[in-house]
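Reader: I am in my first year and would like a close look at a single part of this structure. Please start from one side chain and work outward.

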Amino acid sequence: MAQAPDANPFFARKNTFSVFGAYSNDSSHILMGQAEGRRLLNIGASYGRRLYVNRVVNWQYNGEILPVALESDLLGQEVDTQTEPVVKTYPPQPVGQILSCDLGSTSYKYVLPDPGGGSTTYSGTQTYSCIGRKWTIGEAISPIGFQWNFLPRLKTQPFFIGHGGYMYSTQPIPVLEAGSFNFTFDVGAGVELYRSKNQSVRAEYRFHHISNHGTAYANPGIDNGLFQVTYSFGH
């Protein structure tokens, strides 16, 4: 007997629920960020809604919520080596979060008046170095997002994804002069493998940016390359 044709020939759920984990081991000046050496660890969930599908593309709304959004900053120290009025090296002093381990040295020279008249010249070099890192916990939400899956008749589908949202951390990041409230956006691409029409696994790489858009005294920004693995299910 002839079999009835599949009423839905696409691997394209109407409603999709997902859980995911994402990690980045480093940050650099990819596009706009200036803070180096930052690490990210995100655990979250997302919801997707199919908007349009044909044999070429499955266009979906996609929003994410991250109850765990960890960010790791570099911590530094300063060593003051004085050459005037006497040669002296002061004990290292912690300076908190620093932008980079490559800050190097800064020379200084200034003149101060003496109480009894005359003046004294002070000069020397301040050398900065990294002494570790500190993790800061935060939460994030990206209510604006999209996902385009290509060739939705296939079980293995390349896709393109992007989001916009914000993040709140318990302390300012990536430096003390920056804020605890930051805006975020990401764009990325990957592959989605459907185990069935209801379940799939995604692996992707994203460009991820964090900055406060000038709402704090300092706004160095953070650019990361983020790797993410997602399990999805729905109908």
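Author: This is a predicted model. A polar contact links the side chains of glutamine 157 and asparagine 149, at 3.0 Å. Glutamine 157 belongs to strand S8. Is glutamine 157 buried or exposed? Its relative accessible area is 0%, and buried means under 20%, so glutamine 157 counts as buried.

The neighbours of glutamine 157 come next. Leaving out residues up to four places away in sequence, glutamine 157 touches Phe11, Asn149, Phe150, Leu151, Pro152, Gly190, Val191, Glu192 and Tyr194. Asn149, the partner in the polar contact, is thus also on the list of residues touched.

Two of these neighbours, Phe150 and Leu151, lead to the surface. Phe150 and Leu151 are part of a nonpolar patch there, together with Leu51, Tyr52, Val56, Trp59, Trp148, Leu154, Phe160 and Val187. The accessible area of the patch is about 900 Å² in total. Strand S2 (39–53) and strand S7 (119–150) are the elements that each supply two or more of its residues.

Strand S8, which spans residues 156–169, also holds a member of the patch, phenylalanine 160. Phenylalanine 160 has a relative accessible area of 31%. Partly exposed covers the range between under 20% and over 50%, so phenylalanine 160 is partly exposed. Strand S8 therefore carries both the buried glutamine 157 and the partly exposed phenylalanine 160.

Methods:
Residues are numbered from 1 along each chain as its sequence is written. This is a predicted model: local features need pLDDT of at least 70, side-chain atom pairs count only at pLDDT 80 or more; totals for chains, interfaces and linings use all residues. Side-chain values use heavy atoms; hydrogens and water are left out. Patches are made of residues with over 30% relative accessible area and no salt bridge: like charges are joined within 9 Å, nonpolar side chains (Val, Leu, Ile, Met, Phe, Trp, Tyr) within 5 Å. Accessible areas come from the Shrake-Rupley method with a 1.4 Å probe; for residues, only the protein chains shown count as cover. A salt bridge is a side-chain nitrogen of Lys or Arg within 4 Å of a carboxyl oxygen of Asp or Glu. Helices (H or I, at least four residues) and strands (E, at least two) are DSSP runs, numbered from the N terminus. Buried means under 20% relative accessible area, exposed over 50%, partly exposed in between (1.4 Å probe, protein chains only). A polar contact is a pair of N or O atoms within 3.5 Å; within protein, one must be able to donate a hydrogen and the other to accept it, and residues adjacent in sequence count only if both atoms are side-chain atoms. Contact means heavy atoms within 4.5 Å.
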